[in-house]
Amino acid sequence: MMYVTDIVSSAGSVLLVGVLLFAVSGVWPPLVAIESPSMDPHIKEGDLVFVMEEERFSGPDDHGGVVTAANDDSYRKFQQPGDVIVYEPDGNSRQTPIIHRAMLWVDDGENWYDRANKDYIGSANSCDELSSCPADHAGFITKGDNNGRYDQVGSNPISEPVRPGWVVGTAEMRVPLLGQVRLQWNQAGATDVVPSETGPAVTNETGSTAVNTTASG
């Protein structure tokens, strides 16, 4: 009986913590494990990151609760200007969310080439050579701190400009290495799948692990 009581008590404590975190963040799950190094050195692979609904405590000059690096360079998150957002690439909720920094906001049909940092657009010499320029729709141009170009650049971009509706939330704080527990759990679960039904785990820096519990950089 004491053993059962301890289990119930522990489960209840975990549930209570989860409910409290959800009440504060407005996002479920409120914690994501980082599975790639593209936000190094400020958010590292294996970290656990607390995510909050983007409009709860939005910064100055925000777009739907998100402040871009181009909007206000005095507003900093994780040591650099702009909010770090968790988003569904191309709005696809079946893919692992991406956690990258919001660099600038573009309007529908905008030629944003001249506003882009030329270091992050690859070899493009004009708007016509950028895959999402003119912008397919209004949204955020995003980038991993450790990546060499925007997510919206290249022949196989990570995502179109990120619509506000694709944003899961903003990253607020990290707990170093604690996300390794979740990542190892996912890997252990993947080994239970029949081998003939499995394929490559990662493409375009997005993974095929549990949706909304891990985030790719």
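Two strands pair if DSSP finds at least two bridges between them. By this criterion, strand β6 (residues 98-106) and β7 pair in the antiparallel sense over five bridges. The model is predicted, so local features need pLDDT of at least 70 and side-chain atom pairs pLDDT 80 or more, while totals for chains, interfaces and linings use all residues. Residues are numbered from 1 along each chain as its sequence is written, and side-chain values use heavy atoms, without hydrogens or water.

**Strand β7**
- Five of the five residues of β7 are buried (under 20% relative accessible area, 1.4 Å probe, protein chains only), so the strand is largely enclosed by the rest of the structure.
- Within β7, Phe140 stands opposite Trp105.

**Lys143**
- Lys143 lies in β7, which spans residues 139-143.
- Although buried, Lys143 has no salt bridge (side-chain nitrogen of Lys or Arg within 4 Å of a carboxyl oxygen of Asp or Glu); Asp145, the nearest side chain of opposite charge, is 5.5 Å away.
- A polar atom of the Lys143 side chain lies 2.8 Å from the backbone oxygen of Asn147.
- Beyond four places in sequence, Lys143 is in contact (heavy atoms within 4.5 Å) with residues including Met39, His100, Tyr120 and Asp151.

**Nonpolar cores**
- The largest nonpolar core (buried Ala, Val, Leu, Ile, Met, Phe, Trp, Tyr and Cys residues joined through side-chain atoms within 4.5 Å) has 16 residues, and Trp112, Ile121, Leu130 and Tyr150 have the most contacts inside it.
- Strand β6 supplies the largest share of this core, three residues.
- Another core, of 12 residues, lies apart from it and includes Val32, Ile43, Val84 and Ala171.

Notes
Helices (H or I, at least four residues) and strands (E, at least two) are DSSP runs, numbered from the N terminus. Buried means under 20% relative accessible area, exposed over 50%, partly exposed in between (1.4 Å probe, protein chains only). Lys and Arg count as positive and Asp and Glu as negative; His and the chain ends are not counted. A polar contact is a pair of N or O atoms within 3.5 Å; within protein, one must be able to donate a hydrogen and the other to accept it, and residues adjacent in sequence count only if both atoms are side-chain atoms.
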